[in-house]
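Let's take a walk through a small set of questions about this protein, with the structure open beside the text. Keep the viewer handy as you read.

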Amino acid sequence: MNSEKEYSLFLGSGIRVNELSNLRLRDLDFEEKQIHVLRKGGKKDVVAVSPPSMQT
């Protein structure tokens, strides 16, 4: 991971490193504090994130 923000997002969401590395900006919903994740096997999931890890 390259930044403190990525690390914080990773810890606050519980997603896997591979899922984090595949995130796109459009996968992040800052208003709802959610991340749309493509899981293993192609399954799509919505993950709620703790507020500190979604701060801009």
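With which residue does arginine 16 form a salt bridge? The partner is glutamate 19, and the closest N and O atoms of the two are 3.1 Å apart. Bear in mind that this is a predicted model.

Stay with glutamate 19 for a moment. Glutamate 19 has a second salt bridge, this one to the side chain of arginine 39, at 3.0 Å from N to O. Glutamate 19 sits in helix H2 (residues 17-21) and arginine 39 in the loop between E2 and E3, so this pair ties together parts that are 20 residues apart in sequence. Is glutamate 19 buried or exposed? Its relative accessibility is 5%, so glutamate 19 counts as buried. Arginine 39 is buried too.

Arginine 39 has further company. Its side chain makes a polar contact of 3.3 Å with the side chain of aspartate 45. Setting aside neighbours within four places in sequence, the residues that arginine 39 touches are Ile15, Arg16, Glu19, Asp45 and Val47. Put the charged players together and you get a network of salt bridges linking Arg16, Glu19, Arg39 and Asp45.

Now step back to the overall layout. The chain contains two helices and three strands, and from the N terminus the elements run α-α-β-β-β. The strands form an open sheet in the order E1-E2-E3, with antiparallel pairing. Strand E1 (28-29) and E3 are the edge strands, each pairing on one side only. Between E2 and E3 the antiparallel pairing runs over five bridges, and if you want a landmark there, look for histidine 36, which stands opposite valine 46 in E3.

The turn of that hairpin is worth a look. Five residues lie between strands E2 and E3, and glycine 41 in this hairpin takes a positive phi near 85°. Lysine 40 is also found in the loop between E2 and E3. With 76% relative accessibility, lysine 40 counts as exposed because the cut-off for that label is over 50%. Its C-alpha atom is 9.6 Å from that of arginine 16, although the two residues are 24 apart along the chain.

The other loop of the sheet has its own curiosity. Lysine 33, in the loop between E1 and E2, has a phi near 55°, a positive value in a residue other than glycine. Its relative accessible area of 33% makes lysine 33 partly exposed.

What about the greasy part? The largest nonpolar core has six residues: Ile15, Leu20, Ile35, Val37, Val47 and Val49. In a regular strand, side chains alternate between the two faces of the sheet. From the core, pick out valine 47: beyond its neighbours within four places in sequence, valine 47 is in contact with Ser13, Ile15, Lys33, Gln34, Ile35, Val37 and Arg39. Arginine 39, from the salt-bridge network, thus turns up again beside a core residue.

One more ion pair is left to visit. The side chains of arginine 24 and aspartate 27 meet in a salt bridge of 3.1 Å, N to O. Arginine 24 is partly exposed at 44% relative accessibility, whereas aspartate 27 is buried at 9%. A search of the whole structure finds four salt bridges.

Finally, some totals. The chain has 56 residues, and 25% of them count as buried. Its accessible surface comes to about 4300 Å², with 50% belonging to carbon and sulfur atoms.

Note on methods
Residues numbered from 1 in each chain as written. Predicted model: local features only at pLDDT ≥ 70, side-chain atom pairs only at ≥ 80, totals over all residues. Heavy atoms only, no water. Polar contact = N/O pair within 3.5 Å; in protein donor to acceptor, adjacent residues only side chain to side chain. Contact = heavy atoms within 4.5 Å. Pairing = 2+ DSSP bridges. Helix = DSSP H or I, 4+ residues; strand = E, 2+ residues; numbered from the N terminus. Buried < 20%, exposed > 50% of the residue type's maximum accessible area, 1.4 Å probe, protein only. Areas by Shrake-Rupley, 256 points an atom, 1.4 Å probe, with all protein chains shown as cover. Core = buried A, V, L, I, M, F, W, Y, C linked by side-chain atoms within 4.5 Å.
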